Each structure stands twice: as C-alpha cells, then as structure tokens.
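Me: I would like to go through this protein slowly and ask, for each label, how it is justified. Could you set every value against the rule behind the label?

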Amino acid sequence: MTMMYTPDHLELELQAPTSRRKTIEKVSIVVSKGSLEGVYPGLIMANGARMEGIEADLFFTFFGLDAIRKDRFEKIKVATVGNPGLHMPTLLGAIPGFSALATKMMRRQMEKIDIPPIPEFMELVSDSGVRLYACKATVDMFGLTMDDFIPQVESIISVGEFYEKAAGGQIVFT
C-alpha cells in the first residue's frame with residue numbers, strides 16, 4: 001500500500017496500483033524564446049529526458065533560433081523588460097546595462113549548481129543523443145541557412161516534419 005498525505009496532514013491509505021505506470025519513451029521540445037530563461041528549460045528537459053533513457057528532440061523556432069545561431073548562442077541574455085518572473089518594475093529592466101547585470105547574476109547562480117553555459121550545454125545534449133532542429137518557416141522568414149547554425153543542428157525541418165518526428169511521443173512547448 002502507498003501512503004499519501006493530504007494538505008491538512010491526514011494520512012490516507014491507497015491501494016497499490018495493479019499495473020506499473022509507464023513512462024514516456026519520447027519527447028519533442030519546442031524552444032521559441034531567445035532569452036536565457038527561454039532556452040535553458042528546453043535544454044534541461046532534454047538533458048533530463050536522455051538521462052532517463054527517453055528519446056528527445058529540440059525544435060527551435062522564432063527567437064529560440066538564437067540558441068542555435070553561431071553568431072548569437074554565446075550572447076543569450078536574461079529578458080529584463082516585461083519579465084514578471086523578475087518581480088520588479090519593467091522600468092528597471094530598461095535601464096542600460098541592467099540586462100547584462102541580471103544575466104551575469106543568473107549565470108553565476110547556474111554555475112554554482114553546475115549548469116553549463118549554453119554552448120557547452122548544446123554539445124552535451126547533442127552528444128547524449130538529443131537531436132536539434134531549426135524551424136523551416138522561421139529560417140526562411142529570417143533569411144537564414146544551415147551555415148548560420150551551430151554544427152549540432154541536424155537539419156532545418158518543416159512543422160509537418162517535426163510532427164512526424166514527434167509521432168508517438170509527448171510535445172512540450174517551453
């Protein structure tokens with residue numbers, strides 16, 4: 001039997017499950033934001049999936065493409081303007097240099113808990129078997145080519161191809 005605690009701390013006994021729960025076997029993660037707090041969740045989830053033996057794909061679209069662009073992936077910053085997660089007035093986020101300061105502080109905190117910088121993390125997840133894809137519609141819209149991306153990007157694919165690759169798995173939008 002499994003014990004469960006309710007919010008008011010009453011102990012309840014539950015029947016043991018008759019069949020073991022299945023875990024997912026495949027996950028496709030869409031990264032659409034080009035900020036530090038927009039890119040890292042996808043990388044962390046993909047890395048965690050591979051650590052659990054789950055097949056994982058990362059699909060970068062819109063400003064999420066910044067995370068895989070050779071000219072931008074080392075310069076990703078915290079979004080300070082209009083970011084409710086910072087719990088401060090938007091006006092402060094607009095102060096020159098504030099985004100750089102917030103980014104430096106965030107990177108320092110991540111370093112303390114051994115979260116690698118984006119370039120290193122991209123290599124790590126790719127080496128673990130995560131496949132990285134760029135969204136064709138966004139690539140076309142921004143006038144990019146495969147030469148604009150880091151070497152870990154497997155290919156530029158359409159949304160339809162993304163759905164084919166995601167078939168039978170879970171899709172997560174970060």
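Me: Why is Glu 55 called partly exposed?
Reply: In this predicted model, Glu 55 has a relative accessible area of 33%. Since buried means under 20% and exposed means over 50%, the value for Glu 55 falls in between, and therefore Glu 55 counts as partly exposed.

Me: What makes the contact between the side chains of Glu 55 and Arg 131 a salt bridge?
Reply: The label asks for a side-chain nitrogen of Lys or Arg within 4 Å of a carboxyl oxygen of Asp or Glu. The side chains of Glu 55 and Arg 131 meet at 2.7 Å, N to O, so the pair satisfies the rule. This salt bridge links distant parts of the chain, with Glu 55 in strand S4 and Arg 131 in strand S5 (residues 131-135), 76 residues apart.

Me: How do you know that Arg 131 and Asp 57 form a salt bridge?
Reply: The side chains of Arg 131 and Asp 57 meet at 2.6 Å, N to O, and the limit is 4 Å, so this pair qualifies. Here, too, distant parts of the chain are linked, with Arg 131 in strand S5 and Asp 57 in strand S4, 74 residues apart. Glu 55, Asp 57 and Arg 131 are thus linked in a network of salt bridges, and a search of the whole structure finds 5 salt bridges.

Me: Is Asp 57 buried or exposed, and how do you know?
Reply: Asp 57 has a relative accessible area of 3%, and buried means under 20%, so Asp 57 counts as buried. Leaving aside its neighbours within four places in sequence, Asp 57 is in contact with several residues, among them Val 27, Ser 28, Ile 29 and Arg 131.

Me: What separates Asp 71 from Arg 69 in accessibility, given that the two form a salt bridge?
Reply: The closest N and O atoms of Asp 71 and Arg 69 are 3.0 Å apart. Asp 71 has a relative accessible area of 40%, which lies between the limits of 20% and 50%, so Asp 71 is partly exposed. Arg 69, at 11% relative accessibility, falls under 20% and therefore counts as buried.

Me: Why is strand S3 described as largely enclosed by the rest of the structure?
Reply: 6 of the 6 residues of S3 are buried, so S3 is largely enclosed by the rest of the structure. Lys 26, Ser 28 and Val 30 point one way from S3, whereas Val 27, Ile 29 and Val 31 point the other way. In a regular strand the side chains alternate between the two faces of the sheet.

Me: How do you know that S3 and S4 pair?
Reply: Two strands pair if at least two bridges are found between them, and 6 bridges join strand S3 (residues 26-31) to strand S4 (residues 55-60), so the condition is met. The two strands run parallel. In S4, the bridge partner of Ile 29 is Leu 58, and that of Val 31 is Phe 60.

Me: What makes S6 and S7 the edge strands of the sheet?
Reply: The open sheet has 5 strands in the order S6-S5-S4-S3-S7, with parallel pairing. Strand S6 (153-157) and strand S7 (170-173) each pair on one side only, and they are the edge strands. The twist averages 25° from one strand to the next.

Me: Why does Phe 142 count as partly exposed?
Reply: Phe 142 has 34% relative accessibility, which lies between 20% and 50%, so the label follows. Phe 142 lies in the loop between helix H5 (136-141) and S6. Together with Phe 62, Phe 63 and Met 141, Phe 142 makes a nonpolar surface patch of about 420 Å².

Me: How do you know that Pro 41 is in contact with a residue from a distant place in the chain?
Reply: Pro 41, which is found in helix H1 (residues 36-51), is in contact with Thr 174, and the two residues are 133 apart along the chain. Their C-alpha atoms are separated by 6.6 Å, but contact means heavy atoms within 4.5 Å, so the C-alpha separation is not the value that decides the label.

Conventions. Residues numbered from 1 in each chain as written. Predicted model: local features only at pLDDT ≥ 70, side-chain atom pairs only at ≥ 80, totals over all residues. Heavy atoms only, no water. Helix = DSSP H or I, 4+ residues; strand = E, 2+ residues; numbered from the N terminus. Axes fitted to C-alpha atoms, helices over the stretch in contact; angles between N-to-C directions. Patch = residues over 30% accessible without salt bridge, like charges linked within 9 Å, V, L, I, M, F, W, Y side chains within 5 Å. Areas by Shrake-Rupley, 256 points an atom, 1.4 Å probe, with all protein chains shown as cover. Buried < 20%, exposed > 50% of the residue type's maximum accessible area, 1.4 Å probe, protein only.
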